[in-house]
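Trainee: I am new to this model and would like a close look at one part. Please take the place where chains meet, and then say what else is worth a look.

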Amino acid sequence: MRRRERAPEVDRTFWALRNVSFAIQPGERVGIIGRNGAGKSTLLKLLARITAPTEGRAELRGRVGSLLEVGTGFHAELSGRDNILLSGAILGMRRSEIQAKTDEIVEFAGVEAFLDTPVKRYSSGMYLRLAFAVAAHLEPDILLVDEVLAVGDADFQKKCLGRMEDIGESGRTVVFVSHSMPSVLRLCERVILLDRGGLVADGNAQEVLRTYLDSGLGSAAERHWETPELAPGDEVARLRSVRVRDDRGVVTEELDIRRPVSLELEYWHMRDDEDLRPSANLHVTNEDGVVLFATSDFNNHRWRETRRTPGVVRATCHIPGNFLAEGRFFVLAAISTYNPTRVHALEADAVSFHVVDRSTGDGVRGEYANAWPGVVRPMLDWSIIEPKPIPLSGADRQLG
Amino acid sequence: MAPERAVAPSVVVVTPPRGWAALNLRDLWAHRDLVYFLAWRDVKVRYAQASIGVAWAVLQPLLMMVVFTVFLGRLAKVPSDGIPYPVFAFSGLLPWTYFSNATGTATESLVSSSNLVSKVYFPRLAIPLAALLSWLPDLLVATGMLIMMMLAYGLMPAWTTVLLPVFALYALLAASSVSVWLSALNVAYRDVRYAVPFLIQLWLFATPVVYPASLVPGRFRALFGLNPMAGVVEGFRWGLLGRGHPPWALMGVSAAVALVLLVGGLYHFRRVEHGFADVI
């Protein structure tokens with residue numbers, strides 16, 4: 001699959017996917033992982049026949065259903081009922097099939113009361129539930145799914161995942177592209193790892209995931225782009241590097257829960273316009289796909305008012321110790337300007353790091369040894385009013 | 001319960017597109033339910049929040065008829081083959097309005113459905129085809145209006161009125177012959193969307209909508225038929241009013257031109273459709 005990149009000056013031919021061969025047996029559930037630009041989505045689009053390859057061949061035996069987006073073909077003006085018909089037809093269902101399944105779909109989505117309301121008046125949750133419900137009742141022999149679980153709340157995601165498990169268990173083949181490692185682990189027994197358009201590993205889910213996270217192919221603690229041409233960004237700003245450092249300034253992937261963490265972002269600011277003030281943004285996401293927080297360097301007020309000159313900017317965000325929970329975190333890095341808001345560079349999963357709790361009584365969880373709940377684990381201030389010693393007899397008197 | 005799975009599962013083979021692929025209209029037929037629902041959506045959405053709803057289908061040609069009647073019928077005294085000018089103009093404006101609306105929306109259809117094109121597979125032809133079909137109900141409603149108008153002028157519809165579906169198909173053929181080209185070209189070259197409304201405006205005057213084909217000297221008549229819409233409009237008018245000789249020559253030439261354009265357009269569409277998702 002060849003796609004022409006719109007590079008600033010040179011016209012380079014870029015192979016989004018090359019020399020990738022594999023066979024998937026009926027009933028297998030296969031996850032496809034790899035960082036952004038690895039070729040995952042291209043692979044899925046080829047299999048789904050949305051784009052055509054420049055060379056190579058794929059054979060799919062059976063009816064193919066693809067789910068590259070939740071709510072494809074939904075029309076805001078139409079009622080829920082109408083959208084079930086429309087979306088079903090778009091996803092490849094026959095009219096009779098949709099009519100037979102309408103009740104089931106409505107029940108799954110839980111929108112009975114609003115079936116004749118235009119979906120533009122739906123809450124976003126209802127909209128998503130209905131959209132997924134239609135897709136979930138497709139009965140293809142091969143189901144191709146792209147990252148659709150990245151939307152919606154945790155309950156919704158759980159429901160989707162459950163439904164996909166059912167589809168897999170009923171003997172259908174599922175090919176699933178995702179960034180969410182827990183989802184891949186739960187759903188797939190086999191994982192294919194892609195990188196830069198090539199196949200790197202293919203096998204047992206646990207093992208391939210470990211390869212991915214350990215090899216640095218997975219978002220490791222450092223990403224660096226040699227030249228602006230290769231870096232994500234546009235004519236205003238391009239990312240140069242993203243790093244995770246511990247409190248001694250060492251680039252590391254494994255961090256102690258008690259110590260501060262620094263996220264450092266460097267970018268090329270290329271536009272000589274004093275009023276254009278790019279800011280660096282970071283989103284920190286945990287393994288379940290929950291965004292813990294988003295932060296921007298405009299929180300530094302002095303910097304926000306500073307007039308900019310072209311050059312390399314380094315912005316560092318300091319996360320205190322005893323704040324993050326245990327586990328793996330993924331960092332999205334972006335450069336944007338405001339009024340109007342424009343995102344100039346964006347790299348999802350730019351880096352990742354792992355926070356471990358080795359505290360012995362001095363951490364947030366103190367002496368408590370079992371799993372400590374919460375998406376963050378901040379050390380908070382407590383104020384205590386200590387009991388004044390009260391003579392027992394006096395207390396008796398007050399009670400009496 | 002349904003024995004659908006009894007058949008051996010079909011094999012889909014994904015390979016690079018090679019030159020002039022076969023038309024593969026069978027795939028389009030397999031997706032006929034989708035074409036139906038897309039057309040149904042277009043109709044439903046078009047009048048969803050319009051307070052006078054489907055009356056727009058009649059209002060548009062009606063108002064144009066009034067304008068042409070005043071300026072061409074009364075002031076310029078354009079001949080109308082012995083038919084009262086308002087009826088004459090209205091009977092021409094119906095297939096014309098169909099053509100101009102259908103071609104306009106079909107041209108834009110792929111681009112305005114880019115979310116579908118880049119996310120789901122189906123024969124891309126389904127989208128412009130649905131857009132073309134979605135204007136047929138309007139044509140039907142407006143034709144009902146025309147028949148009432150004829151009765152008001154004391155004109156009885158000719159027996160050939162029962163052939164109305166054939167004339168509608170003929171209009172569909174003419175609109176498709178142009179739209180398969182324009183919709184596909186519009187994906188890569190958005191210039192098309194700016195050129196089309198202008199083109200359609202000019203086209204109106206190259207078509208015997210507000211003047212009779214008989215105004216064109218006989219030796220140019222066949223040449224005139226090279227415009228696929230010439231035969232459609234004259235045919236439609238003859239079909240409903242039944243005045244004069246049936247315009248066989250004109251209709252024949254127009255239909256042949258439309259067919260050639262359509263087949264060429266279908267091959268062109270087929271050749272470029274696999275790239276739609278990348279360029280849209």
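Mentor: The answer below starts with the contact between the chains and then moves to single residues and turns within each chain.

This is a predicted model, in which local features need pLDDT of at least 70 and side-chain atom pairs count only at pLDDT 80 or more, while totals for chains, interfaces and linings use all residues; side-chain values use heavy atoms, with hydrogens and water left out. Residues are numbered from 1 along each chain as its sequence is written, and chains are lettered from A and ligands numbered from 1 in the order in which they are written.

Between the chains, 42 residues of chain A are in contact with 34 residues of chain B (contact means heavy atoms within 4.5 Å). About 3400 Å² is buried between chain A and chain B, and carbon and sulfur atoms give 60% of that area. Buried area here is the accessible area, taken with a 1.4 Å probe, that two parts lose on being put together, summed over both.

Two salt bridges are counted between chain A and chain B (a side-chain nitrogen of Lys or Arg within 4 Å of a carboxyl oxygen of Asp or Glu). A salt bridge joins B:Asp33 to A:Arg95, with the closest N and O atoms 4.0 Å apart. There are also five residue pairs in polar contact between chain A and chain B, both residues being at pLDDT 80 or more. A polar contact is a pair of N or O atoms within 3.5 Å; within protein, one must be able to donate a hydrogen and the other to accept it, and residues adjacent in sequence count only if both atoms are side-chain atoms.

On the side of chain A that touches chain B, the elements giving two or more residues are helix 1 (40–47), strand 4 (58–61), strand 5 (64–67), helix 2 (80–90) and helix 3 (95–109) of chain A. Helices (H or I, at least four residues) and strands (E, at least two) are DSSP runs, numbered from the N terminus. Helix 2 of chain A gives the largest share of that side, five residues. Sorted by class, the side of chain A that touches chain B holds 18 nonpolar, eight polar and 16 charged residues. For this count, Ala, Val, Leu, Ile, Met, Phe, Trp, Tyr, Cys and Pro are nonpolar, Asp, Glu, Lys and Arg are charged, and the others, Gly among them, are polar.

Strand pairing also links the chains. Strand 4 of chain A pairs with strand 1 (residues 11–14) of chain B in the antiparallel sense over four bridges (two strands pair if DSSP finds at least two bridges between them). Within that pairing, A:Leu60 has B:Val12 of strand 1 of chain B as its bridge partner.

Strand 5 of chain A also contains A:Leu67. A:Leu67 counts as buried because its relative accessibility is 3%; buried means under 20% relative accessible area, exposed over 50%, and partly exposed in between (1.4 Å probe, protein chains only). From C-alpha to C-alpha, A:Leu67 and A:Ala135 are 7.0 Å apart in space, though 68 residues apart in sequence.

Another buried residue of chain A is A:Glu347, at 9% relative accessible area, and A:Glu347 is placed in strand 18 of chain A. Its side chain makes a polar contact with the side chain of A:Arg223 at 2.7 Å. Not counting residues up to four places away in sequence, A:Glu347 touches several residues, including A:Trp225, A:Pro232 and A:Leu239.

Next come the backbone angles. Most residues other than glycine have a negative phi, and most peptide bonds are trans. The peptide bond from A:Asn339 to A:Pro340 is cis, with omega near -5°. A:Pro340 is in the loop between strand 17 (327–337) and strand 18 (342–356) of chain A. A:Asn339 is not a glycine, yet has a positive phi of about 55°, and A:Asn339 is exposed at 76% relative accessible area.

A hairpin in chain A is made by strand 8 (residues 190–195) and strand 9 (residues 198–204), which run antiparallel and are joined by six bridges. Two residues lie between the strands of this hairpin, where A:Arg196 takes a positive phi near 45°.

In chain B, B:Lys77 has a positive phi near 50° and lies in the loop between helix 3 (55–75) and helix 4 (85–112) of chain B. B:Lys77 is exposed, at 63% relative accessible area. By contrast, B:Thr161 is buried at 17%, in the loop between helix 7 (136–152) and helix 8 (164–188) of chain B. The side chain of B:Thr161 reaches the backbone oxygen of B:Ala158 at 2.7 Å.
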